[in-house]
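This briefing is written for a reader who wants to go from a single side chain to the overall fold and then to the main pocket. Please keep the sequence and the structure at hand while reading.

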Amino acid sequence: MIRLLRARNLALLVLSLMPLAGCSESGGTDPFVPIEFSSEDAEMNAAIAKARKTLPSFWKALETRAAGESGHALKVRITDQHGTEHLWLTNIERSGGETTGLVDNEPTVVKAVKRGDRIVIPDSEISDWMYMRSGKIVGNETMKPMLKRLPKEKADQLRGMMAEP
């Protein structure tokens, strides 16, 4: 099965947090298209494993919401009869042992959800997490393998925004 990871929406989320200066597109390549990874891709699977292993630090950051931290989001694997897609969810809430979030992508494969839906997030389906701290991206391990498939200028721009490139 092909796993579609949404670089377009991640980049839009990240770029929306930057000042408008320096965010124009250049060249003829559109870096905001879905980037496909095989479910067997070792580098992507390692990134997902690292994100899942460090998930407790996300929960702590979400709970404490320190000064300068914002944009807490989870990437969640969603599967329906049309396939599997990893989508970013924002407005994360935890209550009564349940985690929910708003779908922040326009799905291109799955039809069971749409942008703006509030859905329950099973822990087993979380594939990544991120938030902004003082203008830098914390987490977002799955972006690292994607950077290799983006135009160098865009990849360098995103890499420069990461707390740990």
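With a relative accessible area of 3%, Ser-127 is buried, because the cut-off for that class is a relative accessible area under 20%. The model discussed here is predicted, and every value below was computed from it. Two buried residues are described, followed by the chain as a whole and the largest pocket.

**Ser-127 and its surroundings**
- Ser-127 has its place in strand E7, and its side chain is joined to the side chain of His-86 by a polar contact of 2.8 Å.
- Leaving aside residues up to four places away in sequence, the residues that Ser-127 touches are Ile-48, Ala-51, Lys-75, Val-76, Arg-77, His-86 and Thr-142, so that His-86 appears both in this list and as the polar partner of the Ser-127 side chain.

**Thr-84 and its surroundings**
- Thr-84 belongs to strand E4, which covers residues 83-95, and it has a relative accessibility of 8% and therefore counts as buried.
- The side chain of Thr-84 makes a polar contact of 2.9 Å with the side chain of Thr-79.
- Although Thr-84 and Ser-39 are 45 residues apart along the chain, their C-alpha atoms are separated by 9.9 Å.

**The chain as a whole**
- The protein chain contains 5 helices and 8 strands, and their order along the sequence is β-α-β-α-α-β-β-β-β-β-β-α-α.
- Of the 165 residues in the protein chain, 50% are buried, while the area that the chain exposes comes to about 8,400 Å², with 53% of it supplied by carbon and sulfur atoms.
- Among the contacts in the protein chain with a separation of 6 or more, 61% are between residues 24 or more positions apart.

**The largest pocket**
- The largest pocket holds about 170 Å³ of space, and two elements, strand E7 (126-133) and strand E8 (136-139), each give two or more residues to its lining.
- Strand E8 gives the most to this lining, with 3 residues.
- The lining is formed by Lys-50, Thr-54, Trp-129, Arg-133, Ile-137, Val-138, Gly-139, Glu-141, Lys-144, Met-162, Ala-163 and Glu-164.
- Divided by residue character, the lining of the largest pocket has 5 nonpolar, 2 polar and 5 charged residues.
- Strand E7 links two of these topics, as Ser-127 lies in this strand and the strand also gives two or more residues to the lining of the largest pocket.

Key
Residues are numbered from 1 along each chain as its sequence is written. This is a predicted model: local features need pLDDT of at least 70, side-chain atom pairs count only at pLDDT 80 or more; totals for chains, interfaces and linings use all residues. Side-chain values use heavy atoms; hydrogens and water are left out. Helices (H or I, at least four residues) and strands (E, at least two) are DSSP runs, numbered from the N terminus. Buried means under 20% relative accessible area, exposed over 50%, partly exposed in between (1.4 Å probe, protein chains only). Contact means heavy atoms within 4.5 Å. Accessible areas come from the Shrake-Rupley method with a 1.4 Å probe; for residues, only the protein chains shown count as cover. A polar contact is a pair of N or O atoms within 3.5 Å; within protein, one must be able to donate a hydrogen and the other to accept it, and residues adjacent in sequence count only if both atoms are side-chain atoms. On a 1 Å grid over the protein atoms alone, a cavity is a set of points where a 1.4 Å probe fits but cannot get out, and a pocket is an open set with protein on both sides within 12 Å along at least five of seven lines; lining residues have an atom within 4 Å of a point. Grid points are joined across faces, edges and corners, and a volume is the space filled by probe spheres set on the points. Ala, Val, Leu, Ile, Met, Phe, Trp, Tyr, Cys and Pro count as nonpolar, Asp, Glu, Lys and Arg as charged, and the others, Gly among them, as polar.
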